[in-house]
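Here is a short briefing for someone meeting this structure for the first time. Keep the model open beside the text and look up each place as it comes.

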Amino acid sequence: MKKQLWNYLFLLFFLLSLSMSNHASAQQGQITGKITDSGSGEGIPGVSVLVKGTTRGSITDIDGNFSILASPEETLVISFIGYESIEEQVGTRSVINVNLSQSVQALSEVIVVGYGTQERKEITSAVTSVKAENFNQGTVNDPRQLLQGKVAGLNIARPGGNPNAGFNMRLRGISTIGENAEPLVVIDGVIGGSLSTVDPNDIESIDVLKDGSAAAIYGTRGSAGVILITTKTGRTGRTVVEYNGSVATENVARTIPVMSASEYRQVPNMVDLGGNTNWLDEVTKTGVSQVHNLSLGGGSATTAYRVSVNYRGVEGVGINSGFDQLNARINLTQRALKDKAIFTVNISNTSIDRRFGNENSFRYAIVSNPTVPVRSSLPQDVQFGGYTERDIFDWFNPVSIAEQNIADGRDSRLLASIRGEYNFTNQFRAAVFYASQRETDWRGSYSPKTAKFGGGFGRNGLATIQNDERLNQLFETTLNYDATAGNVDMAFLGGYSYQEFFNQGNYMQAGDFLTDAFTYNNIGAALDFANGLATVRSYANSNRLVAFFGRANFNLDDTYFLSVSARYEGSSRFGANNKWGLFPAVSAGVNLANLFVMQGVSGMKLRASYGRTGTQPGQSYLSLLRFGRQGNFFFNGAFVPSFGPVSNPNPDLAWETKDEYNIGLDFVILNNKLDGAFDYYTRVTSGMLLPINVPVPPNLFPQTVLNIGEMLNSGVEFTVNYQAIQKTNFRWTTGFNFSTLRTNLRSLSAGDLSFGEVNYRSNFGSPGQNLTQLIRIQENGPLGQIWGPRKVGINEDGSPRMAVINGTAVDDNGNPVYCNCNEDRAQLGTAYPTFNFGVNNTFNYKNWDLNFFFRGSIGHYLINSYRGFYENTEGTTVQNYNIVNTKYYDPAVTKAEYNSSHVEKADFVVLDNATLGYNFNVGQGRNVTRLRTFLSVQNPFMITGYTGVDPEVRYVDSETLDPLAPGIERRATYFTTTITTIGLNVSF
């Protein structure tokens with residue numbers, strides 16, 4: 001069905017493109033010429049030469065020459081990135097030569113900010129803009145990947161290569177230890193827009209509001225920063241059809257080193273079951289993916305449109321993992337009433353069919369005895385579908401896990417918005433905006449009767465179905481007034497916002513099927529329903545946000561700049577006494593280049609800002625006394641559901657607030673060749689929303705969400721871009737960015753109430769280490785403390801010897817060291833990096849282009865869970881599992897016990913992507929205006945000393961999803977991958 005739809009849409013677009021072809025009139029003549037750089041006099045290749053108001057265009061060749069058909073009364077529009085655009089009337093000329101002057105692009109670049117745009121020279125906050133031409137390349141299936149490593153202070157990570165896993169985003173570290181740690185996303189003005197509604201090929205630019213003054217206009221949800229996404233639109237006067245397609249192969253890049261069958265057989269007391277199995281090969285394959293994007297855009301003097309269809313078929317390296325995604329988008333702009341009224345409609349629809357596979361197949365493949373055969377015809381294994389299973393603790397056949405268990409999903413996203421604007425005068429305008437976003441997630445899984453892992457064997461087949469639906473409706477009105485008083489330009493904004501959210505869902509799980517043919521599609525056939533053993537639950541909740549906001553911008557002689565804003569916002573999620581909050585901001589800047597003579601300096605803007613933003617809890621009704629399901633009790637021969645309190649009333653529940661101060665410097669120097677920005681920030685988050693233990697009675701429930709504690713973040717960010725070489729046949733542009741981060745939990749208490757001066761999170765798990773806590777939260781200490789005993793040697797019985805001397809830890813040489821330790825435990829590292837960086841290089845030589853991008857994180861540690869359990873020769877390990885065989889393996893260690901040796905520095909530098917492209921000379925007068933092919937490779941190599949699967953930063957515990965327990969590489973980690981892509985870009 002999808003294939004037929006794709007073919008139909010392709011045919012439709014093809015016919016539309018043909019119908020919109022333009023025909024030259026009889027009066028047109030051949031116009032030739034050369035476009036040169038006004039400074040060097042050299043020809044400029046790739047310059048756009050367009051007949052104004054038509055779709056007729058040409059591109060200059062490698063020497064800057066062009067040829068185009070035009071009539072005497074027509075005008076040529078000549079433009080190229082980094083140069084000032086020029087319009088030339090044809091008249092009686094047949095040869096038109098033009099010199100282009102370089103523009104100060106870094107100063108005149110238009111940046112999207114909250115509820116508007118500004119030129120970069122006017123911005124007094126910490127804002128970074130990334131345009132489409134600077135996005136990460138290769139096979140990019142998630143919009144977050146476009147920015148990975150590109151923005152100083154924005155860290156984007158997805159450990160492993162699971163195609164269905166999401167990316168974690170953190171801007172300037174952790175803004176909260178409670179809810180909503182990720183930046184707010186705004187898509188074409190839709191606050192809280194889902195990134196699944198937009199395909200990476202449809203994005204024109206992404207702007208990141210980093211500091212409090214820039215984000216305060218969004219109030220309650222701006223504490224973690226704001227990411228503004230602008231999608232591509234059609235351009236008046238030119239119809240363009242574009243096709244972008246690629247095919248990629250994906251292979252395993254990194255795993256955990258383990259023993260082969262021959263190595264394992266050399267270990268004393270091993271168990272040889274006669275096989276010779278490479279389990280890692282058994283559960284992986286080469287994934288093949290394809291991406292197709294087709295778009296049609298254009299318009300007239302009053303209408304502009306762009307329609308696109310995107311298909312992504314992705315296979316992961318894991319068995320039965322991947323997804324098929326179909327996305328369609330239409331952006332339409334219509335002018336009316338002599339251009340006084342402007343209407344904009346954006347509609348996007350996305351459908352994703354997912355195959356989740358099972359990451360536990362990787363976990364057990366690593367630790368499986370290599371002498372165990374994959375399949376068996378023995379009678380005891382027939383009941384497991386012919387897969388070999390052993391009657392030992394915590395081991396399951398990894399191939400059986402991947403092949404027998406079914407885990408599917410379907411995501412649907414619909415985002416529609418309409419905006420009407422009326423310009424009463426050139427200075428005064430009003431707008432009304434409405435948007436609706438509907439998200440539906442369906443999940444279905446089935447574990448058959450023969451599957452030992454997944455619950456099917458013990459439940460005679462087990463099916464699960466879950467549905468979640470989210471509705472987001474937004475209504476906003478804005479007024480804009482621009483004025484000039486002498487040499488002061490002023491811009492005023494006022495607005496009202498109303499946003500309503502509704503969430504609902506249900507969950508069913510039942511077992512005991514007559515046959516495995518039913519699966520989850522026939523969950524009603526499960527006998528658990530008749531026997532009262534099935535699980536069924538549902539939920540629904542809603543919340544509203546209402547806000548009034550305003551902003552005033554002042555520009556004095558393009559030298560002095562001032563911006564003042566405020567948002568007064570109310571939320572239904574807070575207590576009756578604190579439903580409203582005020583979020584002010586002020587920022588100012590001065591362009592020193594206009595005050596002092598600076599040779600080679602085009603701009604040197606010093607700026608400072610302050611802004612307050614807020615955070616609301618991730619759940620509704622937390623300020624109310626609520627009762628919920630508490631289980632069942634047996635009464636009168638039947639199980640009866642019981643209900644009890646699930647939250648205490650708290651009428652004083654209020655906003656979590658963040659006050660942020662920022663000092664920055666923007667510069668454009670060396671005759672516009674080098675531009676960049678430097679920022680130092682400090683932010684204080686107070687009144688954090690945390691669940692606090694309270695006494696019962698007088699409370700009915702033992703926990704209450706309260707505003708408590710304070711956290712400090714500070715850091716430095718630096719970005720620089722340099723046009724190193726700009727010649728006719730060769731250009732080289734390079735860029736570098738880095739950021740640092742410090743965190744401190746100043747307080748976790750208020751009065752007699754406390755989150756706990758010391759709090760421990762996330763246990764290590766089974767076998768045998770369920771009570772081992774890994775992460776420590778300490779008042780007046782940094783976030784992400786990895787905690788545990790420090791190993792200093794090996795005891796005679798083979799157990800690790802830990803360092804304790806009268807309660808004081810010692811280093812590896814036995815010397816006492818201060819560690820603020822608790823009994824025999826100390827801080828072994830921190831989960832967050834102290835330094836992140838990205839390095840980008842782009843080379844253009846004649847028709848060739850080469851881009852490669854390096855990214856790195858320094859200073860963070862990871863707990864290598866595999867080593868903590870299986871890098872030893874304990875009898876249970878040797879007889880039941882394979883042995884992890886990293887450079888740290890010591891056969892003298894005969895006891896599995898978590899300690900400092902399993903905490904590794906995870907510094908890394910990775911070549912994120914390298915892309916080599918070739919642009920064909922398509923000639924003049926042809927329908928094809930651009931033809932490019934490229935070869936791209938992602939993650940071809942990584943430099944790191946970490947021995948685990950992936951040294952990428954872990955911002956949450958993947959098992960518990962606890963944001964307060966970072967820095968743990970769990971055993972069920974999807975292997976990292978290398979992706980090789982070949983693609984084609986065509987425009988006509």
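Leaving aside its neighbours within four places in sequence, which residues is asparagine 164 in contact with? The contacts are Gly322, Phe323, Arg354, Arg355 and Phe356. Bear in mind that this is a predicted model. The points below start from asparagine 164 and then move on to helices, cores, sheets and cavities.

**Asparagine 164**
- Asparagine 164 sits in the loop between strand E11 (154-157) and strand E12 (168-171).
- The residue counts as buried because its relative accessibility is 14%, and the cut-off for buried is under 20%.
- Valine 314 is 150 residues away from asparagine 164 along the chain, yet their C-alpha atoms are separated by 9.5 Å.

**Helix H6**
- Helix H6 covers residues 360-367.
- Of its 8 residues, 8 are buried, so H6 is largely enclosed by the rest of the structure.
- These buried residues are Asn360, Ser361, Phe362, Arg363, Tyr364, Ala365, Ile366 and Val367.
- What do they pack against? Their partners are helix H5 (279-282), helix H8 (398-404) and helix H10 (865-870).

**Nonpolar cores**
- The largest nonpolar core holds 43 residues.
- Leu147, Leu154, Ile206, Tyr218, Val226 and Ile229 have the most contacts inside that core.
- Another core lies apart from it, with 36 residues.
- Phe362, Tyr364, Ile775 and Val903 are among the residues of this other core. Phe362 and Tyr364 also appear in the list of buried residues of H6.
- Valine 226, from the largest core, touches Leu171, Pro183, Leu184, Val186, Asp207, Val208, Leu209, Ala215 and Tyr218, not counting residues up to four places away in sequence.
- As a general rule, nonpolar side chains in soluble globular proteins tend to be buried together.

**The three-strand sheet**
- An open sheet of 3 strands runs in the order E4-E1-E7, and its pairing is mixed.
- Strand E4 (65-70) and strand E7 (98-100) are at the edges. Each has a single partner strand, so one side of each is left without a neighbour in the sheet.
- From one strand to the next, the twist averages 35 degrees.
- Strand E1 (residues 29-37) and E7 run parallel and are joined by 3 bridges.
- Opposite isoleucine 35 stands valine 98 in E7.

**The four-strand sheet**
- Another open sheet has 4 strands in the order E3-E2-E5-E6, with antiparallel pairing.
- Strand E3 (57-59) and strand E6 (86-89) form its edges. A single partner strand serves each of them, so one side of each has no neighbour in the sheet.
- Neighbouring strands here are turned by 20 degrees against each other on average, direction ignored.
- Strand E5 (residues 75-79) runs antiparallel to E6, and 4 bridges join the two.
- Glutamate 87 in E6 has valine 77 opposite.

**Strand E32 and its partners**
- Is strand E32 (residues 656-669) largely enclosed or largely open? In E32, 10 of the 14 residues are buried, so the strand is largely enclosed by the rest of the structure.
- Strand E29 (residues 603-615) pairs with E32 over 13 bridges, in the antiparallel sense.
- Arginine 612 stands opposite aspartate 659 in E32.
- Strand E33 (residues 674-686) also pairs with E32 in the antiparallel sense, over 13 bridges.
- Isoleucine 669 has leucine 674, in E33, as its bridge partner.
- E32 and E33 make a hairpin with 4 residues between them. In the turn, leucine 670 has a positive phi of about 55 degrees.

**Threonine 478**
- Threonine 478 belongs to strand E24 (residues 462-485).
- Its relative accessible area is 12%, so threonine 478 is buried.
- Not counting residues up to four places away in sequence, threonine 478 touches Tyr115, Arg419, Arg429, Ala430, Ala431, Leu493, Gly494, Gly495 and Phe549.

**Cavities**
- How many cavities of 30 Å³ or more does the structure hold? There are 10.
- The largest cavity has about 170 Å³ of space.
- It is lined by 18 residues, and Ser125, Ser213, Ala214, Arg551 and Ser563 are the closest to its centre.
- Helix H3 (212-215), strand E26 (535-556), strand E27 (560-571) and strand E28 (580-591) each supply at least two residues of the lining of the largest cavity.

Key
Residues numbered from 1 in each chain as written. Predicted model: local features only at pLDDT ≥ 70, side-chain atom pairs only at ≥ 80, totals over all residues. Heavy atoms only, no water. Buried < 20%, exposed > 50% of the residue type's maximum accessible area, 1.4 Å probe, protein only. Contact = heavy atoms within 4.5 Å. Core = buried A, V, L, I, M, F, W, Y, C linked by side-chain atoms within 4.5 Å. Pairing = 2+ DSSP bridges. Axes fitted to C-alpha atoms, helices over the stretch in contact; angles between N-to-C directions. 1 Å grid on protein atoms, 1.4 Å probe; cavity = no way out; pocket = protein on both sides within 12 Å on 5 of 7 lines; lining within 4 Å. Points joined across faces, edges and corners; volume = space filled by probe spheres on them.
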